[in-house]
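User: I'm new to reading protein structures and would love a close look at a single part. Please choose one and walk me through it slowly, linking it to what surrounds it.

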Amino acid sequence: MVKEIKIKYFFILLTCMFLTFCIAGILLATPEVRKDAGDKGDKIVARVNGQPIYEGALTPYVKRELRKFQKYGAKRDTTALEKRLKRRALDAVVSLELIKQESQKLKIKDMDGKVDEKLKELKNRYQSERKYKDFLKTKGRTESDVKESIKSKIYVEEYLEVKGIKNPKVPEEEIRKYYEKNKESFRRKEYLQVSHILVMVKEDAKAEENEQAKAKAERIRKEIIEGRDFAETAKEYSEDGKASQGGDLGYIERGYMPPEFDEVAFSLEKGKISYIVQTKHGYHIIKVLDRKPEGIAPYEDVRDFIGKYLQEGLVRTNRASHIKELKSKAEIEILLNES
């Protein structure tokens, strides 16, 4: 579980996922090259096996990354930074074009059906035909453009899958080896999986309101003690955001909930129901579903986490190697003016 891993490893994974997302975003979401781009004065910044790449294809990536740098304190004069980002974006778009060209050699069954299915999913996200048409209008695209873009993405995804780049398998022995080598990094505090039922009371509530809320909590607890399922009772009575999940808070460590809650929860035996606990939020009934003791997390608890981390590294390595191979066989002309 992520919460059970040392923070530095959590951020390593986030960083890896972020880098992968940035490249994958370009590989799978870059707009199709506009056929009329040259007519609109858009500059050609590269040619890949004769196919032109227009400067407009770099703009979304550059703008997005500039916003991130500015958010974290980059200076206003970002000319040099913008040039670097543009060069990086061009390299990614050229890589995309190479993969797109190669992917067109695949024979994919029922392509029209797959495109229609993806288009239906897209329309469902916009909830109504009007919102979908507004989206097309905002982007300056037709449904035909969208279908072509979807088709291209399907080709690319299938290609990455076929080449073993998209979801490479990490051998079990590699995951185990990483765990054994980095055991100390998976040391954790004590964690509990806790469910609760909350009867809310405002901090400025009158004594009578407090008594009514406490009495309600006592009645609810009595139902559970007499045999009613805790999760079903939580769904009916609990007044916090976890009610629909049966009151399950997931795995928590000390400090996640108020001190009064922690004192009871961390002393409660697994499967037992607490007495009524008052915090600043109101009255709680607590049940401990599972305990994770302090110490090094067992391999089974962190295996998926490590596997994902190693897979992300393998994706980057395999992708870089494959793109390098494609570039060595391609005719690439870079025309980007960086002056």
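Analyst: Let's begin with some vocabulary: helices are DSSP runs of H or I with at least four residues, strands are runs of E with at least two, and both are numbered from the N terminus. Counted that way, the protein chain has 11 helices and nine strands. Please keep in mind that this is a predicted model. The chain has 339 residues, and 38% of them are buried. Among contacts with a separation of 6 or more, 71% join residues that are 24 or more positions apart.

The part I have chosen is helix 8, which covers residues 207–225. A good place to start is its length. With 19 residues at 1.5 Å a residue, helix 8 should span 27 Å, and its end C-alpha atoms are indeed 27 Å apart, so expectation and model agree.

Next, which residues of helix 8 are buried? They are Asn210, Ala213, Ala217, Ile220 and Ile224. Looking down the axis of helix 8, you would find these buried residues within an arc of 90 degrees, which means that they line one face of the helix. Turned away from that buried side is a face with the exposed residues Ala207, Glu208, Glu211, Arg219, Lys222 and Ile225.

What lies over the buried residues? Their cover includes strand 4 (191–200), helix 9 (230–237), strand 6 (277–279) and strand 7 (282–292). After helix 8 comes Gly227, which has a positive phi, near 125 degrees.

Now let's step back to the loop that comes before the helix. Val201 sits there, between strand 4 and helix 8. Buried means under 20% relative accessible area, and Val201 has 13%, so it counts as buried. Leaving out residues up to four places away in sequence, Val201 touches Asn210, Ala213, Lys280, His281, Gly282 and Tyr283. Two of these should look familiar: Asn210 and Ala213 are among the buried residues of helix 8. Val201 can also be compared with Glu211: the two are 10 residues apart in sequence, and their C-alpha atoms are 9.9 Å apart in space. Glu211 is one of the exposed residues on the face turned away from the buried side.

To place helix 8 in the wider picture, look at the largest nonpolar core. In soluble globular proteins, nonpolar side chains tend to be buried together. Here the largest such core has 24 residues, and the members that touch the most others are Ile53, Leu90 and Ile99. At least two residues each come from strand 1 (44–48), helix 2 (59–71), helix 3 (79–103), helix 6 (143–162) and helix 11 (299–329). Helix 3 gives the most, with eight residues.

Finally, here are two loop residues to set beside Gly227. Most residues other than glycine have a negative phi. Asn49, which is not a glycine, has a positive phi of about 50 degrees. Asn49 belongs to the loop between strand 1 and strand 2 (51–54), and its relative accessibility of 41% makes it partly exposed. Asp110 also has a positive phi, near 50 degrees, and lies in the loop between helix 3 and helix 4 (111–125). Exposed means over 50%, so Asp110, at 58% relative accessibility, counts as exposed.

Notes. Residues numbered from 1 in each chain as written. Predicted model: local features only at pLDDT ≥ 70, side-chain atom pairs only at ≥ 80, totals over all residues. Heavy atoms only, no water. Expected span 1.5 Å × (residues − 1). Buried < 20%, exposed > 50% of the residue type's maximum accessible area, 1.4 Å probe, protein only. Arc of directions from axis to C-beta. Contact = heavy atoms within 4.5 Å. Core = buried A, V, L, I, M, F, W, Y, C linked by side-chain atoms within 4.5 Å.
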